[in-house]
Each structure stands twice: as structure tokens, then as C-alpha cells.
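Please work through the exercises below with the sequence and the structure at hand. Each task is followed by a solution that proceeds in steps.

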Amino acid sequence: MSKDQRMANAFDPGTVAALPAREQALIQRRQQVLGQAYRLFYEQPLHVVRGEGVWLYDPDGNAYLDVYNNVASVGHSHPRVVDAIARQAATLNTHTRYLNDSILDYAERLLATLPAAVSQAMFTCTGSEANDLALRLATNYSGGQGVIVSSHAYHGVTSSVAACSPAFGHNVPLGVHVRTVPAPDAYRHPDEDVGARFTRHVEQAIADLQRHGIRPAALLVDTLFTSDGVFAEPAGFLAGAVEAIRAAGGLFIADEVQAGFARSGSQFWGFQRHGVTPDIVTMGKPMGNGHPLAGLAARPEIIDAFGRQVRYFNTFGGNPVSCAAGMAVLDIIRDEGLQQNAHDTGAYLKAGFERLAARHELIGDVRGAGFFLGVELVSDRQRKTAATAETGRIVNALRQRRILLSATGSAGNILKVRPQLPFSRANADLLLGTLDEVLAGL
């Protein structure tokens with residue numbers, strides 16, 4: 001399998017014979033009925049049968065601390081979400097071509113978390129669909145086709161957004177209308193103003209599109225740059241780039257599929273850290289705590305321009321059961337103080353990683369916000385050489401010690417840390433202590 005077909009922390013199917021018989025049988029069944037396109041994590045893939053809170057459990061009852069799965073953001077199998085889904089499923093589940101209060105109640109609650117200018121919502125089932133729809137809105141409203149993304153971005157799996165997702169590698173070509181810009185990496189460019197550098201690259205991408213007769217339609221960014229390696233600081237660095245794309249007639253699409261729903265701690269949405277108001281906000285993953293709920297919010301004139309030309313319908317998007325799950329998630333974040341916990345415990349966890357960096361030369365940088373952190377591992381601090389192999393060893397050593405996280409970035413050398421929002425200081429101490437032991441043993 002070529003490098004471009006692999007992902008960070010991927011299981012190598014060629015090693016299946018070394019696994020226990022139970023897991024070998026499961027993998028064989030997967031290959032028979034699912035084919036070769038799916039991937040598994042870890043050198044020894046994890047077999048999970050149950051989740052509760054911040055823990056996942058294998059068939060033998062062993063508990064694994066989950067520091068990776070941001071989809072079940074308010075905790076695996078949260079009883080209030082389970083109850084909301086069950087009650088609504090027992091009452092009614094249908095589509096949006098009938099009048100029903102549930103989609104309106106949820107849309108009003110969701111939009112209340114956003115700037116007043118972003119005042120209408122459209123619902124889908126996945127973040128990929130949401131980004132796909134956002135691009136349709138942007139091209140229709142702007143009259144352009146050009147899209148600018150970061151150099152290792154991931155925005156989804158439909159044809160249109162896969163063409164805007166360089167993280168897939170060379171086997172998934174970028175569209176001829178797509179331009180990439182370097183991530184806002186303050187670690188490798190410490191002497192440059194992050195915002196000015198990012199704006200300059202966006203302006204250059206706009207000029208290149210125009211030089212080739214392509215009118216810009218959108219700047220599409222994950223507001224924490226999670227696939228690029230987690231770049232959150234300094235707050236405000238996106239503002240110049242947003243001004244640049246609008247000056248060129250394009251829109252700013254904030255991809256909040258990863259960054260949204262209180263994950264950054266200081267704000268409910270990642271874009272809010274930059275003092276900007278997007279034209280379109282896309283969302284997904286944590287929206288239904290594992291239930292397939294996603295969507296977007298946009299300025300009403302953008303949606304109206306689209307709606308005058310084409311109808312929108314998504315069979316399952318915005319159904320009453322999905323809306324019940326989404327409403328429960330919003331209630332739990334509010335009632336359990338989870339945004340504050342992401343802020344406070346996230347800062348505690350980040351400080352703990354920084355203490356580890358003072359003891360272990362392998363840690364070159366610690367960055368991020370709230371409960372989305374990146375810990376960059378380098379084999380040489382002066383040259384900042386990516387420690388890709390060591391990162392893989394650490395991720396798998398933690399898995400053997402029943403702590404789950406993964407890696408990100410173009411070189412796969414950045415620990416991706418994104419626990420559920422109820423993650424506690426005790427959970428953080430367990431992670432930090434175990435990582436300290438693993439690093440000391442390398």
C-alpha cells in the first residue's frame with residue numbers, strides 16, 4: 001500500500017497473522033463484506049463493545065480512556081441523549097416536508113449560539129454533506145468556482161469536498177479550481193506575524209486563481225486547522241484572510257465540524273476566537289453526540305439566493321429524532337458546564353504537556369485551545385525534524401496501556417488530543433502520567 005493510501009496510526013493488514021484469533025476473525029469478516037477501503041487504527045486494532053462517559057470497553061471488560069473521539073462529545077452513551085432519541089423515535093420520525101415544531105425549536109436554539117447575521121440553518125446528516133452544500137451556496141452566491149484551503153486540510157468525502165481535501169494525498173487529486181495555502185504554523189515560523197503570513201498566502205492564492213481565469217468563491221478553513229497539525233494561536237489571525245477573500249468577491253466558510261460545540265473552551269465556536277463573522281458555518285461530528293446530525297448556518301441572503309433557483313431536501317437531514325438528539329447535546333453542554341470544563345481542564349492538560357516538554361526533548365511544541373490540543377514530536381529541536389516513527393510508537397504504546405489518542409499533521413508527528421467535554425483533571429493526570437512513562441521508556 002502506497003504512502004498516500006495510508007493514514008496516520010493506520011493498522012497494517014499485512015500483520016494480521018500476529019493478532020489474537022478473535023480479532024483475526026473480525027478483520028477477515030470486515031475485509032469480506034466491507035472491502036479494502038476502510039481503515040483501522042493501531043498496530044493491534046481495538047475491539048470495542050461499549051462506551052460510557054470518557055471510557056470505551058473491550059469484550060473482556062477492560063476500560064480504555066478515550067482521548068480521541070470528539071464525536072460523542074458530551075460522553076459516550078450519555079443517558080439524556082439516549083432518552084431524547086428513544087422518546088422521539090417512539091413518537092414520530094419523518095422528513096421536513098411536513099410541518100413540525102422539532103426542527104424549528106432546534107434551529108432557533110442552534111442559531112442563538114451564532115452571530116445575529118448568520119440567521120438561517122439547513123440540515124444534513126454528515127459534515128461532508130454540510131461542506132458540500134456550503135460550496136454549492138458559495139458558488140451560487142459569488143458566481144465563482146475557486147476554493148482556497150489549507151495545505152493538509154480535510155473537509156469530507158463527497159466528490160466536491162474530497163477535491164478540496166489535500167489530506168487524502170496524491171491519489172485523490174485536488175480540483176483545478178482549488179488552491180492550497182500553508183497552515184498558520186507559528187512553531188516553524190516564530191519570527192513572522194502569523195496573521196500577516198497567512199493573509200499573504202491567501203492573497204497569493206486569490207491572485208493565482210484570477211490569473212487562471214477562475215473567480216474565487218470561498219476560503220474554506222477548519223478554524224482550529226486540526227488536520228494540518230492544530231493551529232489555534234494567536235487568536236485573531238484569521239481576520240486579514242477573511243477580509244482578503246471578501247475583497248475578491250468570495251465568501252468565508254468556517255468549517256466547525258471539528259472545532260465547534262464548545263471544544264475550544266473560550267468560545268462555543270472556533271471562529272469566534274478570531275473576531276470574525278463567517279458567511280457560512282458548517283457543523284457536524286459532535287452535533288448529535290454520535291447520532292448522524294450535521295448542517296450549516298448562513299447569512300439569509302445566501303440561502304435565499306440559492307432557494308430562488310433550486311429546492312433543498314435531505315431525506316434524513318433535520319428529522320425529529322436527529323433534532324431531539326441535537327437539542328439534548330445543547331442542553332447538556334449548558335447544564336453540565338462543559339464549555340467551562342473544556343476551558344479549565346483543557347488549560348490544566350496543556351500545562352501538563354508543557355511540563356512534560358521540559359523533561360522530554362522529543363516534545364517540540366504544545367499548542368491548541370481547550371480540548372483540542374496538538375503535541376508536536378521532533379527528533380531534533382533545533383532542526384524541528386518530524387519524529388514520525390516515534391509518534392507511531394508512542395500512540396501504540398499508549399493504546400497498550402489503555403489510553404486512546406492518535407496522530408495528525410502532514411508528517412503524522414503530532415499527537416492529536418481531543419477528549420470528550422466531561423474529561424476531568426483525574427483523567428488528565430492519568431493521561432499525562434502514562435505518557436511520561438512511555439516517553440521515558442523510548
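The exercises that follow concern a predicted model.

**Exercise 1. The order of the sheet**

Task: State the order of the strands in the open sheet of 7 strands, and determine which strands stand at the edges.

Solution. Step 1: The strands of this open sheet follow the order S4-S10-S9-S8-S7-S5-S6, and their pairing is mixed.

Step 2: S4 and strand S6 (178-181) each have a single partner strand, so these two stand at the edges and one side of each lacks a neighbour in the sheet.

Step 3: On average, and with direction ignored, neighbouring strands of this sheet are turned by 20° against each other.

**Exercise 2. The partners of strand S10**

Task: Describe how strand S10 is joined to S4 and to S9, and then follow the pairing from S9 to S8.

Solution. Step 1: Strand S4 (residues 120-124) runs antiparallel to S10 and is joined to it by 5 bridges. Within S10, Leu-296 is the residue opposite Met-122.

Step 2: Strand S9 (residues 280-283) is also antiparallel to S10, with 4 bridges between them. Here Val-281 has Ala-297 of S10 opposite.

Step 3: Between strand S8 (residues 251-255) and S9 the sense is parallel, and 3 bridges make up the pairing. Ile-253 has Ile-280 of S9 as its bridge partner.

**Exercise 3. The two faces of strand S10**

Task: Decide whether the residues of S10 are buried or exposed on each of its faces.

Solution. Step 1: In a regular strand the side chains alternate between the two faces of the sheet, so each face is to be examined separately.

Step 2: One side of S10 carries Ala-294, Leu-296 and Ala-298, and the other carries Gly-295 and Ala-297; these residues are all buried.

Step 3: Both faces are thus covered, in agreement with the count for strand S10 (residues 294-298), where 5 of 5 residues are buried.

**Exercise 4. Helices on the sheet and against each other**

Task: Identify the strands that H4 and helix H6 lie across, and describe how H4 packs with helix H8.

Solution. Step 1: H4 lies across S4, strand S5 (146-150), strand S7 (216-222), S8, S9 and S10, at about 165° to S9. Helix H6 (residues 194-211) lies across S5, S6 and S7, and its angle to S6 is about 160°.

Step 2: Two packed helices are described by the angle between their axes and the distance between the axes. For helix H4 (residues 127-142) and helix H8 (residues 300-307), the angle is about 85° and the axes are 9 Å apart.

Step 3: Angles of 65 to 115 degrees count as roughly perpendicular, and H4 and H8 are therefore roughly perpendicular to each other.

Step 4: H4 contributes Leu-133, Arg-136, Leu-137, Asn-140 and Tyr-141 to the contact, while H8 contributes Glu-301, Ile-302, Ile-303, Ala-305 and Phe-306. Sorted by class, the contact of H4 with H8 comprises 7 nonpolar, 1 polar and 2 charged residues.

**Exercise 5. Salt bridges**

Task: Give the number of salt bridges in the whole structure, and examine the one between Arg-109 and Asp-331.

Solution. Step 1: The whole structure holds 21 salt bridges.

Step 2: In the salt bridge of Arg-109 with Asp-331, the N to O distance is 2.8 Å. This pair links distant parts of the chain, as Arg-109 belongs to helix H3 (residues 101-111) and Asp-331 to helix H9 (residues 320-335), 222 residues apart.

Step 3: Buried means under 20% relative accessible area. At 16%, Asp-331 therefore counts as buried, whereas Arg-109, at 27%, is partly exposed.

Step 4: Asp-380 and Arg-383 form another salt bridge, with their closest N and O atoms 2.9 Å apart. Asp-380 is partly exposed at 23%, and Arg-383 is exposed at 68%.

Step 5: Arg-80, Arg-109, Asp-331, Arg-334 and Asp-335 are joined into one network by salt bridges that share partners.

**Exercise 6. The surroundings of Pro-216**

Task: Locate Pro-216 and determine whether this residue is buried or exposed.

Solution. Step 1: Pro-216 lies in strand S7.

Step 2: With a relative accessible area of 1%, Pro-216 is buried.

Step 3: Beyond its neighbours within four places in sequence, Pro-216 has contacts that include Ser-142, Ile-206, Leu-209 and Ile-245.

How values were computed
Residues numbered from 1 in each chain as written. Predicted model: local features only at pLDDT ≥ 70, side-chain atom pairs only at ≥ 80, totals over all residues. Heavy atoms only, no water. Axes fitted to C-alpha atoms, helices over the stretch in contact; angles between N-to-C directions. Parallel < 35°, antiparallel > 145°, perpendicular 65-115°, else oblique. Contact = heavy atoms within 4.5 Å. Nonpolar A, V, L, I, M, F, W, Y, C, P; charged D, E, K, R; others polar. Buried < 20%, exposed > 50% of the residue type's maximum accessible area, 1.4 Å probe, protein only. Pairing = 2+ DSSP bridges. Salt bridge = Lys/Arg side-chain N within 4 Å of Asp/Glu carboxyl O.
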